[in-house]
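Welcome! Take a moment to look over the sequence and the model, and then we can walk through them together.

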Amino acid sequence: MSPVQVGVVMGSSSDWDILRHAVQILQEFGIAHEARVLSAHRMPDDMFAYAQDAAGRGLKAIIAGAGGAAHLPGMLAAKTTVPVLGVPVPSRHLQGVDSLHSIVQMPRGIPVATFAIGEAGAANAALFAVAMLAVDDPALRAKLDAFRSRQTEAARGMTVPPAP
């Protein structure tokens, strides 16, 4: 089995409904990954250890999903140079806008690539990780090109109901 290249972490198991879309994409492309709960607020020591050990364990990217205050992506980025891809998870009261603002408003010098709120953001974060890995992997690039071609063909095949 190949070494884990992408970490998928979330602040709570309730975030899995969103982050599973990232995992599905990684599986589709055959990317070795791990998924786990890593709460910035309830387990900060574990979160810092994960970030500090990420590069040494061979991680090439960390997809971090969080809702509400959404500190997980930024705090991970503060402790590692492994690229962090932030996914805002919809929250009950503010539908994820709070999470988006929290993740995207990182101070200069500590970047977090931030994606859309919810399922689309999780899938796109995984596709972004695939694209990063494909830079040095021609076989993976071919898989990504084929994925994009399938998307194009699906869009070309779409029809709308005829006008009345």
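In which sense do strand 1 and strand 3 pair, and over how many bridges? This is a predicted model, and in it strand 1 (residues 6–10) runs parallel to strand 3, with five bridges between the two. Within this pairing, V9 stands opposite A64 of strand 3.

Now step back to the whole sheet. It is open and built from five strands, in the order 2-1-3-4-5, with parallel pairing. Strand 2 (33–37) and strand 5 (113–114) are its edge strands, and each of them pairs on one side only.

Two helices that pack on the sheet are set out here.

| Helix | Strands touched | Angle between directions |
|---|---|---|
| Helix 1 | strand 1, strand 2, strand 3 and strand 4 (84–89) | about 170 degrees with strand 1 |
| Helix 3 (residues 72–79) | strand 1, strand 3 and strand 4 | about 145 degrees with strand 3 |

Next, the pockets. What is the volume of the largest pocket? It comes to about 350 Å³. The lining of this pocket consists of 23 residues, and S12, D15, A66, G67 and G68 are the closest to its centre. Helix 1 (16–28) and strand 3 (61–67) are the elements that give two or more residues to the lining. So how do the lining residues of the largest pocket divide into nonpolar, polar and charged? Ten are polar, eight are nonpolar and five are charged.

Here is a link to follow in the viewer: helix 1 packs on the sheet and also gives residues to the lining of the largest pocket. Strand 3, which pairs with strand 1, gives residues to that lining too.

Notes:
Residues numbered from 1 in each chain as written. Predicted model: local features only at pLDDT ≥ 70, side-chain atom pairs only at ≥ 80, totals over all residues. Heavy atoms only, no water. 1 Å grid on protein atoms, 1.4 Å probe; cavity = no way out; pocket = protein on both sides within 12 Å on 5 of 7 lines; lining within 4 Å. Points joined across faces, edges and corners; volume = space filled by probe spheres on them. Helix = DSSP H or I, 4+ residues; strand = E, 2+ residues; numbered from the N terminus. Nonpolar A, V, L, I, M, F, W, Y, C, P; charged D, E, K, R; others polar. Pairing = 2+ DSSP bridges. Contact = heavy atoms within 4.5 Å. Axes fitted to C-alpha atoms, helices over the stretch in contact; angles between N-to-C directions.
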